[in-house]
Amino acid sequence: MVKVLGFEYGGFFIWSKRLEQGLFAAPRVPVPGQASVSLSRTELSALLEGIDVTILRHRKRYDGPVLAA
């Protein structure tokens, strides 16, 4: 699960995303024991798309069931 605390004009927001299958590519934490990390917009977008920017590969993603026509 990824939780995001952000700020837009007017206040803060909390957003979360949980994967049904696979893993998020966890960013490296700059200080051991620290639970939070700051990401750029590009890094956050890559994280949510399943791209590991340190090794540049796609992570396994959930596709959902295929519906019969």
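Q: Are Phe7 and Phe12 buried or exposed?
A: This is a predicted model, in which local features need pLDDT of at least 70, side-chain atom pairs count only at pLDDT 80 or more, and totals for chains, interfaces and linings use all residues. Residues are numbered from 1 along each chain as its sequence is written, and side-chain values use heavy atoms, with hydrogens and water left out. Buried means under 20% relative accessible area, exposed over 50%, and partly exposed in between, with a 1.4 Å probe and protein chains only. By that scale, Phe7 and Phe12 are both exposed.

Q: What geometry does the aromatic pair of Phe7 and Phe12 have?
A: Rings of Phe, Tyr and Trp (its six-membered ring) pair if their centres lie within 6.5 Å; planes under 30 degrees apart are stacked, over 60 edge-to-face, the rest tilted. The structure holds 1 such pair. Phe7 and Phe12 sit 5.0 Å apart, centre to centre, with 65° between the planes. The pair is edge-to-face.

Q: What pattern does the protein follow along the sequence?
A: Helices (H or I, at least four residues) and strands (E, at least two) are DSSP runs, numbered from the N terminus. The protein has 1 helix and 4 strands. Their order is β-β-α-β-β.

Q: Which elements give two or more residues to the largest nonpolar core?
A: A nonpolar core is a set of buried Ala, Val, Leu, Ile, Met, Phe, Trp, Tyr and Cys residues joined through side-chain atoms within 4.5 Å. The largest has 6 residues: Val2, Val4, Leu19, Phe24, Leu47 and Leu48. The elements giving two or more are strand S1 (2-8) and helix H1 (41-49).

Q: Which residues does Phe24 touch, not counting those up to four places away in sequence?
A: Contact means heavy atoms within 4.5 Å. Phe24 belongs to the largest nonpolar core. Its partners are Met1, Val2, Lys17, Leu19, Leu47 and Leu48.

Q: What covers the buried residues of H1?
A: Ala46, Leu47 and Leu48 are the buried residues in H1. Their cover includes S1, strand S2 (11-17) and strand S3 (51-52).

Q: Which residue just after H1 takes a positive phi?
A: H1 spans 41-49. Just after H1, a phi of about 90° is taken by Gly50.

Q: Why does Leu23 count as exposed?
A: Leu23 lies in the loop between S2 and H1. The C-alpha atoms of Leu23 and Leu47 are separated by 10.0 Å. Leu23 counts as exposed because its relative accessibility is 60%.
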